[in-house]
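Got the viewer open and a free hand for the mouse? Let's walk through this one stop by stop, selecting as we go.

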Amino acid sequence: MLLAPSKIRQKGKEAPMTAAAPTTDNHNQALRIGARIDRLSHLTKSHRAIAVILAALFAFDVIDLSAYSLVASSIRAAWGLSLESLGVLTSMVYVGMFVGAIVGGRLADRFGRKTVILVAVATFSLGSLGSAIAPNFEVLAITRVLTGVGIAATSAILYVLVNELFPKSFRGRMMATVLTVGTIGAPLIVGFSLVVVPAGMWHLVFVAGGLGIIVAAIAIKVLPESPRWLASRGRSDEAERLVAKFERQFQAAHPQVTLPEPIVEEVKTATKSSLWAIFKPRFIRRTLIATGLFFLMLSLQAGVGQWLPTILIERGYPAASALGITFILTFAGIAGGVIGLFIIDRFERKWLLVGCAIVVAVTFAAMGYIDSVVVIILAGIVNSLATAVIASGVATYATEIFPTEIRAVGTGFSNGFARLGGIINSLLIGVIFTAFAVEGVFTWFILLVVLFGIIAALGPRVGVVAARRARIAELAGERSQPMPDSLVAE
């Protein structure tokens, strides 16, 4: 039996009738809407369609990010560019990503998640198409910045949409699903490049990336706006229609299930959306934790991804063997995303991240200090599996610790600032490699992942274990108990 919105039990006092009362009322309405979504113990037909469209959008996000590295040598040969010029072009996308994540997040909090993510996808698609027809270095540099803006804004808002559209007990799993399926875009664009680049048609790699605008057009109809955001902006009627649709689909598929009564802890004052809000005393700790986790995760991904083949070759392995090992570990990363589907919602987020960090540190030690092909492959596979779980975990956790009003700007800033980590770490590893050889590089990786684990341990709890227990109780035919989640952000 569906519960009417008027029957939702509420805890807390009424907001004082001051100038801030409407904003506070909107915030509390967003909490009520979120509680109604979180009580769903099964995904609905709409949720499955949302997952498909978000995975497709992320796939093109990955394709556009990978496109330039696949054609860089062809561009250099065609235009006679120096290695320094190629380095400048490489950095342009990171400049765009830094701006896109921060600005995109702020705009999403103001104008809506759906509107901004569609504009972001159109932006990186047009940037990629522009790269395909760029006549010279200067124009290509501009289109790469444009592409970077769209890529980072898309990923930051995508994280937010997963958190706000899916029930709490499914968030981690759906984040892992979207990211894992979307990652398939990388081998797809590599395979396409193997066909067209040797034939001198490198421009088509950029054209393929521009096809993301087709998915964006489909998303106009399929992808809904976040009901939590709508309620937080005073558009309660629209939020009510969306949540009621979820509830109708749930009840039609599971008529024997009685939805539990949602309980929400209301607040007395709401948070106004702004970039500065995430640095207020109430949220500064969460901002630092989210930024630190994103920064260290992306630093490790960029460092290992860019330097592993070089590290193996420096150890004396033939180039073909180095690339073969890297290829194997790439697929291990995809497998890790699949494993994440089954474990990410079983443990409290921060402790899952800490556990994975320990595994990654141990495998880095094995890869760095034991020069054996078997050890490197086995430790590398385990490392890739754990790192993939970390990627899904950070994307989920660093997003859900912010309240609805500043979730996009908080995620955008954390994710955007972290992009600097990829640049800084790549440069720093070169210095460490020169001074301390392979062992020094892996020691650096271990230090980074240990710091990551410490920051994760300092983060707030989000009640994912309680949410899972409530879902299991309902699936067993028992009445779900109120989730003892004290996280105001929810």
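Start with the whole chain and look at who touches whom: among contacts with a separation of 6 or more, 84% are between residues 24 or more positions apart. Keep in mind that you're looking at a predicted model. Switch to cartoon view and you'll find 17 helices and two strands. Of the 490 residues, 57% count as buried. Turn on the surface, and about 20200 Å² is exposed, with carbon and sulfur atoms supplying 70% of it.

**Into the core**

Next, select Leu 54, Leu 158, Phe 166, Leu 223, Leu 293, Val 394 and Phe 452. These have the most contacts inside the largest nonpolar core, a set of 124 residues. Colour helix α16 (residues 404–457) too, as this helix gives the most to the core, with 18 residues. Another core, of nine residues, lies apart from the big one; look for Ile 33, Ile 37, Trp 229 and Leu 230 among them. As a rule, nonpolar side chains in soluble globular proteins tend to be buried together.

Now zoom in on Val 394. What is Val 394 in contact with, leaving aside its neighbours within four places in sequence? Show Leu 293, Phe 294, Met 297, Leu 353, Thr 399 and Phe 452, and you have the answer.

**An enclosed helix**

Select residues 168–183, which make up helix α6. From first C-alpha to last, its 16 residues reach 23 Å, close to the 22 Å expected. Twelve of those 16 residues are buried, so α6 is largely enclosed by the rest of the structure. Including Phe 170, Met 174, Val 178 and Leu 179, the buried ones also take in Lys 168 and Arg 171.

**Out to the surface**

Now go for a nonpolar patch with about 920 Å² of accessible area: its residues include Leu 126, Leu 146, Phe 192, Met 201 and Ile 218. Helices α4 (113–133), α8 (203–210) and α9 (212–222) each give two or more residues to the patch. The largest share, four residues, comes from α9.

Stay on α4 for the last stop. Leu 126 is in this helix, and at 48% relative accessibility it counts as partly exposed. Ser 128 sits in α4 as well: buried or exposed? Ser 128 counts as buried, because its relative accessibility is 0%. Show what Ser 128 touches beyond four places in sequence, and up come Asp 64, Thr 147, Phe 206, Gly 209 and Gly 210.

How values were computed
Residues numbered from 1 in each chain as written. Predicted model: local features only at pLDDT ≥ 70, side-chain atom pairs only at ≥ 80, totals over all residues. Heavy atoms only, no water. Expected span 1.5 Å × (residues − 1). Buried < 20%, exposed > 50% of the residue type's maximum accessible area, 1.4 Å probe, protein only. Patch = residues over 30% accessible without salt bridge, like charges linked within 9 Å, V, L, I, M, F, W, Y side chains within 5 Å. Areas by Shrake-Rupley, 256 points an atom, 1.4 Å probe, with all protein chains shown as cover. Salt bridge = Lys/Arg side-chain N within 4 Å of Asp/Glu carboxyl O. Contact = heavy atoms within 4.5 Å. Core = buried A, V, L, I, M, F, W, Y, C linked by side-chain atoms within 4.5 Å.
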